[in-house]
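Visitor: I am new to this structure and would like to learn how to look at it. Could you take me through it slowly, one feature at a time?

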Amino acid sequence: MKITDILNTKNMSLSFEVFPPKKETSFDSVKAATEAIAGYRPSFMSVTYGAGGGTSRYTLDIAKNIKDSFGVPTLAHLTCVSSSKETVHEQINALREAGIKNIMALRGDLTPELEKTDRSKWDYQYAVQLIRELREYGDEFCIGAACYPEIHPESKNQKEDIIHLKEKVNAGADFLTTQMVFDNNLFFNFMYKLREAGVTVPVIPGIMPITNAVQVDRAIKLSGSFMPQRFKSLVDYFGQDPDSMKQAGIAYATDQIIDLYANGITNVHVYSMNKPDVAKAIMDNLSDILGKDFDR
Ligand code: FAD
């Protein structure tokens, strides 16, 4: 099933993101965690891609397993910046053979090692090039792309960022998923600017349930996302007590999701980070809200 078939209905959807194991020894535990999350029957699941080799080969294994064993549609992430065309096309062919119809086409982060190399020799500079190549397969793939309500860190300003985002949509991206946001108003403002710029594809807000204090610093460093005072107070107060912090973080994320649904945003993506207990708690919190209209 294509993700756009889920996004383009009026029903609510809730999807979860998982990441592949970093080493072979953790494959079984990661597989078990992703299977447990798939068992809650989210609308779809996305599987991230470890740029530059490493975990990349496991993305397909995890995505295929979820799709084939649980019937949950999967979205396999694919990055291009640190790869040759040959490697990227090997990955694309492997995804085709595995029957994966949804690809999140990304550039990937620029590592310090990569930045020391000659940029003009890279096969891929930006995600738009990967999107164009995926579109050469016609409608075989449903293509997702990343977007940044608080601006991508390399962009000079939001206007420029949105111009490049529009290039990705014009090249064939069917939908967009945002970097994690902790303040829904930033997402609503962003949506206004996107629609004003003529970007009309579905945009899925990314919500990250923060369940321990250590995760806060990591999440900010990774995403550059703004932490509202309401959230900071919660971490200050509950951060030292793991159980309380987890409950408070799940409640905060649930509240954000309800606010999004209540404002007509029907599709929400949760960065569930291979945590079945967190995924289950969020699904339970929303059980009546998702109810019969839930798009599975
Ligand atoms: P791009 O769209 O190429 O944009 C990167 C920067 O270049 C932006 O500042 C953009 O404005 C600018 N730009 C784009 N086109 C041009 C142009 N023609 N000329 C000049 N500037 C241009 N990383 C992983 O390694 N694995 C993952 O699985 C993964 N999943 C992600 C999922 C989501 C939803 C998000 C939001 C991010 C994810 N990332 C992942 C991180 C992502 O790889 C980084 O944020 C990366 O730095 C940018 O990727 P992109 O696809 O947005 O790049």
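**Reading the ligand site and the helix packing**

Guide: Let us begin at the ligand, where a polar side-chain atom of K168 lies 2.6 Å from an oxygen atom of the ligand. Please keep in mind that this is a predicted model.

Visitor: Which other side chains have an N or O atom at a short listed distance from an oxygen atom of the ligand?

Guide: Two histidines belong here: an N or O atom in the side chain of H77 is 2.9 Å from a ligand oxygen, and for the side chain of H152 the corresponding distance is 2.8 Å.

Visitor: How many residues surround the ligand, and which are the closest?

Guide: The ligand is surrounded by 23 residues, of which Y49, D109, Y148, S155 and K168 are the closest.

Visitor: K168 also sits in a helix contact, I believe; how should I read the packing of helix 6 and helix 7?

Guide: The general idea is to take the angle between the two axes and then the distance between them. Here helix 6 (residues 127-135) and helix 7 (residues 158-171) pack at about 10°, with their axes 8 Å apart, and because an angle under 35 degrees counts as roughly parallel, helix 6 is roughly parallel to helix 7. On the side of helix 6 the contact involves A127, V128, I131, R132 and R135, which meet E167, K168 and A171 in helix 7; by class, this contact has four nonpolar, no polar and four charged residues.

Visitor: And what is the angle between helix 4 and helix 6?

Guide: Their axes cross at roughly 50° and come within 12 Å, helix 4 being residues 85-97, which means that helix 4 is oblique to helix 6. The crossing is right-handed, and the residues that make the contact are K85, V88, H89 and I92 of helix 4 together with L130, E133 and L134 of helix 6. Sorted by class, they comprise four nonpolar, one polar and two charged residues.

Visitor: Are helix 10 and helix 11 roughly parallel or roughly antiparallel?

Guide: Helix 10 (residues 229-238) and helix 11 (residues 242-262) pack at an angle of about 165°, and their axes are 9 Å apart, so helix 10 is roughly antiparallel to helix 11. Their crossing is right-handed.

Visitor: Which residues meet there?

Guide: From helix 10 come R230, F231, L234, V235 and F238, and they meet S244, M245, A248, G249, Y252 and D255 in helix 11. By class, this contact has seven nonpolar, two polar and two charged residues.

How values were computed. Residues numbered from 1 in each chain as written. Predicted model: local features only at pLDDT ≥ 70, side-chain atom pairs only at ≥ 80, totals over all residues. Heavy atoms only, no water. Axes fitted to C-alpha atoms, helices over the stretch in contact; angles between N-to-C directions. Helix = DSSP H or I, 4+ residues; strand = E, 2+ residues; numbered from the N terminus. Parallel < 35°, antiparallel > 145°, perpendicular 65-115°, else oblique. Left-handed = near helix turned anticlockwise from the far one by under 90°. Contact = heavy atoms within 4.5 Å. Nonpolar A, V, L, I, M, F, W, Y, C, P; charged D, E, K, R; others polar. Near = heavy atom within 4 Å. Polar contact = N/O pair within 3.5 Å; in protein donor to acceptor, adjacent residues only side chain to side chain.
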